[in-house]
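Let's take a friendly walk through this protein together, from its surface to its backbone. Keep the structure open beside you as you read.

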Amino acid sequence: MSKKKRQVKISEIIIPKYKEIFNNKSCKHIILTSGRAGTKSSFAAIRADYQIVSDASGSVVVLRKHHNKLRKTVYKEMLRGINRLGIPKNRFRITKSPMEITYKKYGTTIYFSGSDGIDDTKGIIDEDRPIKLVVIDELTEFFDDGDGENELANIEATFVRGNKGGFQMIYLYNPPKNPNAPVNQWCRKMEKRSDCMHIHTDYRDVPEKWLGADLIDSAEKMKQTDEKMYRWVWLGQSVGVDELIYYMFSEKCKKKPEAGRRYEIVIIGGDYGQHNATTYQAFGVDEYRMQITGLAEYYHSGAKTGKQKSPSIYAEDLVTFMDEIHEQYETKVFYVYMDPSAEGLQEEARRISRTLDYAVYIRDAENDVALGISRVQKALAYGILTVSPTQGEAVDEFGLYEYDKKSIEKGKEVPVKENDHCMDGIRYMCMGAWRWIKRWLPAEVEKQEELESVIDKEIDQDEYT
């Protein structure tokens, strides 16, 4: 005989700040912003799941800007919401292709869609069970990669039809640092409307037992090391953008490698230029100390020295550079993440590194500038990334690498293309080393990944009928 699940009270599974809006159908637009662990996604999932089980004539659509981010984010969050509500999963028809969650009793459905193009949402409209709730996740993407306010107006116009009342839209986003970011400007404009409510939360609004000691310790650690980053990441405040990109780089980030220490794995980020500088920035993976440790630097500028080098010479210099590191640190494996435009240099380096006494893997670097900068900032702020004093050019660039002031005023952050060769190399390295860095960041990051893995197994084991 199967155990009957305990009836769950909504007040037990949402934070107090959200209680006023859970059953408030008079408010058409609800904007939820937060720092990390503010539970806005959990609330939206519980609200969406509750919609289809409590209203026999109203369905839900959940949107992100891009299709490829749906399954690992909002789709899984909705499944967690079902568990939090204490409703047996066998009362739902849950499918991956298409991504839909249907309450069998009423036939009401949660649809998931991207908004890459105008045709993405056209087929979702259900004449019998109109969309009563639209949840838009990661709203910032609609402004960064889409048409912003106009796109949101079109989405509203698409789904509001057929409703005689009670239609709502919930918008979720973590505020960008820049107060002038378009999504922040839109939010301030929406706050003036009588049919809109904006609620901001952070981890301090959440019961401690929900979060766990590790998460709170992670927040407090960042507060101690970088209060400005803490206010943005954990409190969700638009703290403003410093012109200096790596403002958190200080003397504590400079650390001489320990004498006699071995680094079996070394990661090199390489930026290539002919007239401009070519640099290789080498970092050792220190699993014991959970650090990416700066070891050495190669730097040559044709403009400064008046001497140009060919790709084949730069490839030979790379091998010499690796030989020295191998000799000093007994390195067995090198991962080299190279400027994607340096195809000739990469080919030459692959050719002459095939017969070395150690393994060399040369890859195109992932060149997402904004993401890369964010990852370097986090690695610095948490003390995971250190730079050797011998990496002199890199140390200098950390103090010079800036955003264009006019771009900040316009709500975008565009780095000035100066003093950036070492910064590009370190960004490439950090993207390549992310498999290690993400494990050494606050505990909740790893826990989130483990949870998603468990949910994947749950989905595969469920019987879909």
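In this predicted model, a patch of negative charge sits on the surface, where Glu243, Glu402, Asp404, Glu409 and Glu418 gather. To find one of these residues, look for Glu418 in the loop that runs between helix H16 (405-409) and helix H17 (421-432).

That same loop, between H16 and H17, also holds Asn419. The backbone of Asn419 is worth a look: its phi is near 50 degrees, a positive value in a residue other than glycine. Why might that catch your eye? Most residues other than glycine have a negative phi, and most peptide bonds are trans. Asn419 has a relative accessible area of 33%, so this residue is partly exposed.

Glu138 is another case: this residue is not a glycine, yet its phi is positive, at about 50 degrees. You will find Glu138 in the loop between strand E6 (131-136) and helix H5 (140-144). Is Glu138 buried, exposed or partly exposed? With a relative accessibility of 33%, Glu138 counts as partly exposed.

The peptide bonds have something to show as well. Going from Ser97 to Pro98, the bond is cis, and its omega is near 5 degrees. Pro98 belongs to the loop that connects strand E3 (92-95) with strand E4 (100-103).

**The whole protein**

Now step back. How many helices and strands does the protein have? There are 19 helices and 14 strands. The radius of gyration is 25 Å, close to the 23 Å that the globule rule gives for 465 residues, so the protein is as compact as a globular protein of that length. Measuring sticks laid along the principal axes would show the C-alpha trace spanning about 75 × 55 × 40 Å. Of the 465 residues, 52% count as buried.

**Salt bridges**

Opposite charges also meet in this structure, and a search of the whole of it finds 27 salt bridges. Here are three of them, with the N to O distance for each.

| Side chains | N to O distance |
|---|---|
| Lys254 and Glu251 | 2.6 Å |
| Arg262 and Glu330 | 3.3 Å |
| Glu264 and Lys332 | 4.0 Å |

Let's start with the pair formed by Arg262 and Glu330, which links distant parts of the chain. Arg262 is in the loop between helix H10 (227-233) and strand E9 (265-271), while Glu330 is in the loop between helix H12 (311-329) and strand E12 (333-338). The two residues are 68 residues apart. Arg262 has a relative accessible area of 42%, which makes this residue partly exposed. Glu330 is partly exposed too, at 44% relative accessibility.

What does the bridge between Glu264 and Lys332 tie together? Glu264 lies in the loop between H10 and E9 and Lys332 in the loop between H12 and E12, so this pair ties together parts that are 68 residues apart in sequence. Glu264 counts as partly exposed at 39% relative accessibility, and Lys332 is partly exposed with a relative accessible area of 48%. Some salt bridges share partners: in this way Glu258, Arg261, Asp286 and Arg289 are joined into one network.

The remaining pair in the table brings Lys254 and Glu251 into contact. Which of these labels fits Glu251, buried or exposed? Glu251 counts as exposed, because its relative accessibility is 58% and the label applies over 50%. Lys254, at 26%, counts as partly exposed.

**Two buried residues**

To finish, go below the surface. Met431 is placed in helix H17, and with a relative accessible area of 6% Met431 is buried. The cut-off explains the label, because buried means under 20% relative accessible area. From Met431 to Asp144 the distance is 21 Å, C-alpha to C-alpha, and the two are 287 residues apart in sequence.

Gly273 is buried as well, at 9% relative accessibility. Look for Gly273 in the loop between E9 and strand E10 (277-286). How far apart are the C-alpha atoms of Gly273 and Ser301? They are separated by 8.0 Å, and the two residues lie 28 residues apart along the chain.

How values were computed
Residues are numbered from 1 along each chain as its sequence is written. This is a predicted model: local features need pLDDT of at least 70, side-chain atom pairs count only at pLDDT 80 or more; totals for chains, interfaces and linings use all residues. Side-chain values use heavy atoms; hydrogens and water are left out. Patches are made of residues with over 30% relative accessible area and no salt bridge: like charges are joined within 9 Å, nonpolar side chains (Val, Leu, Ile, Met, Phe, Trp, Tyr) within 5 Å. Accessible areas come from the Shrake-Rupley method with a 1.4 Å probe; for residues, only the protein chains shown count as cover. Lys and Arg count as positive and Asp and Glu as negative; His and the chain ends are not counted. The place of a charge is taken as NZ of Lys, CZ of Arg, CG of Asp or CD of Glu. Helices (H or I, at least four residues) and strands (E, at least two) are DSSP runs, numbered from the N terminus. The radius of gyration is taken over C-alpha atoms; the globule rule is 2.2 Å times the number of residues to the power 0.38. Buried means under 20% relative accessible area, exposed over 50%, partly exposed in between (1.4 Å probe, protein chains only).
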